[in-house]
Amino acid sequence: VTSEAAARKTGKTLCGEFEGVTISQPNGNFNIWIYTNQIVLNDTVKGHYYVVPVANVQQLFLLGILDMEARYFVVSVKTPLQVGSTQHSNLVFSFPDNQVLTEEEPWKAALSEAEITKHFESTQLLKPTMAGPVFQIVASVFKAVCKV
């Protein structure tokens with residue numbers, strides 16, 4: 001747990017942010033800032049900030065479960081994230097299947113096309129504007145930044 005100033009100050013270049021994302025583990029509603037070197041999670045209810053270094057991300061999984069209208073995006077970390085007295089080795093994001101961003105109202109990266117090309121090997125995963133199912137956009141951004 002850290003303060004907002006400390007969490008955001010140590011971030012190098014902001015790639016993008018997502019607001020009001022439901023995370024099942026640890027449980028809560030979070031705002032997420034993704035930097036080139038770290039991911040900052042802000043628990044919108046408790047106000048706590050958690051920092052996950054990009055180098056700490058081990059694996060990424062995108063799961064769909066039959067008979068459920070939701071997708072789960074799992075971020076597996078090498079060093080567990082300490083939330084209260086519980087350590088979490090996996091961050092489990094939950095997205096309804098019908099949560100979609102349109103071309104008229106897309107997700108916008110904090111980077112321009114030139115900055116994306118400068119920071120990332122592949123510009124296929126991260127683009128200045130992205131539309132489609134939110135779970136795919138989040139997974140694509142994490143994959144580009146974490147390089148796993």
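Two strands count as paired here if DSSP finds at least two bridges between them. Keep that in mind while walking through this predicted model, starting at one edge of its sheet. Strand 5 and strand 6 (residues 70–83) clear that bar with 7 bridges, running antiparallel. If you want a spot to zoom in on, Gln59 sits across from Ser76 in strand 6.

Now zoom out to the whole sheet. It is open and has 7 strands, ordered 4-3-2-1-7-6-5, with antiparallel pairing. Strand 4 (49–53) and strand 5 (57–64) are the edge strands: each has a single partner, so one side of each has no neighbour in the sheet. Going from one strand to the next, the twist averages 30 degrees.

Let's take the strand 4 end next. Strand 3 and strand 4 are joined as a hairpin with 5 residues between them, and in that turn Gly47 has a positive phi of about 80 degrees. Their antiparallel pairing runs over 5 bridges, and Leu41 faces Tyr50 in strand 4. On the other side, strand 2 and strand 3 make a hairpin as well, with 2 residues between them. That pairing is antiparallel too and has 5 bridges; here Trp33 is opposite Val40 in strand 3.

So how covered is strand 3? Mostly: 6 of its 6 residues are buried. This goes for both faces, with Gln38, Val40 and Asn42 buried on one side and Ile39, Leu41 and Asp43 buried on the other.

Back in strand 2 (residues 28–35), have a look at Asn31. Its side chain reaches the backbone nitrogen of Gly20 at 3.0 Å. Leaving out residues up to four places away in sequence, Asn31 touches Phe18, Glu19, Gly20, Val40, Leu41, Asn42 and Thr44.

Next, the aromatics. A pair of aromatic rings is described by the distance of the centres and the angle of the planes. The model has 6 aromatic pairs in total. One of them is Phe73 with Phe93, a tilted pair at 5.8 Å centre to centre with 50 degrees between the planes. Phe73 belongs to strand 6 and Phe93 to strand 7 (residues 86–96), so this pair ties together parts 20 residues apart in sequence. Phe73 has 1% relative accessibility, so it counts as buried; Phe93, at 0%, counts as buried too. Phe93 also pairs with Phe95: the ring centres are 6.4 Å apart and the planes are at 0 degrees, so that pair is stacked. Phe95 is buried, just like Phe93. Ring pairs link Phe73, Phe93, Phe95 and Phe142 into a cluster.

What else does Phe93 contact, beyond its neighbours within four places in sequence? The list is Val21, Thr22, Ile23, Ile32, Arg71, Tyr72, Phe73, Val75 and Phe142.

That brings us to the core. In soluble globular proteins, nonpolar side chains tend to be buried together. The largest nonpolar core in this model has 39 residues, and Phe93 and Phe142 touch the most other members. Elements giving it two or more residues are strand 1 (14–25), strand 2, strand 3 (38–43), strand 4, strand 5, strand 6, strand 7 and helix 3 (134–146). Which element gives the largest share of this core? Helix 3 does, with 10 residues.

Terms used. Residues are numbered from 1 along each chain as its sequence is written. This is a predicted model: local features need pLDDT of at least 70, side-chain atom pairs count only at pLDDT 80 or more; totals for chains, interfaces and linings use all residues. Side-chain values use heavy atoms; hydrogens and water are left out. Helices (H or I, at least four residues) and strands (E, at least two) are DSSP runs, numbered from the N terminus. Axes are lines fitted to C-alpha atoms, for helices over the stretch in contact, and angles run from 0 to 180 degrees between N-to-C directions. A polar contact is a pair of N or O atoms within 3.5 Å; within protein, one must be able to donate a hydrogen and the other to accept it, and residues adjacent in sequence count only if both atoms are side-chain atoms. Contact means heavy atoms within 4.5 Å. Rings of Phe, Tyr and Trp (its six-membered ring) pair if their centres lie within 6.5 Å; planes under 30 degrees apart count as stacked, over 60 as edge-to-face and the rest as tilted. Buried means under 20% relative accessible area, exposed over 50%, partly exposed in between (1.4 Å probe, protein chains only). A nonpolar core is a set of buried Ala, Val, Leu, Ile, Met, Phe, Trp, Tyr and Cys residues joined through side-chain atoms within 4.5 Å.
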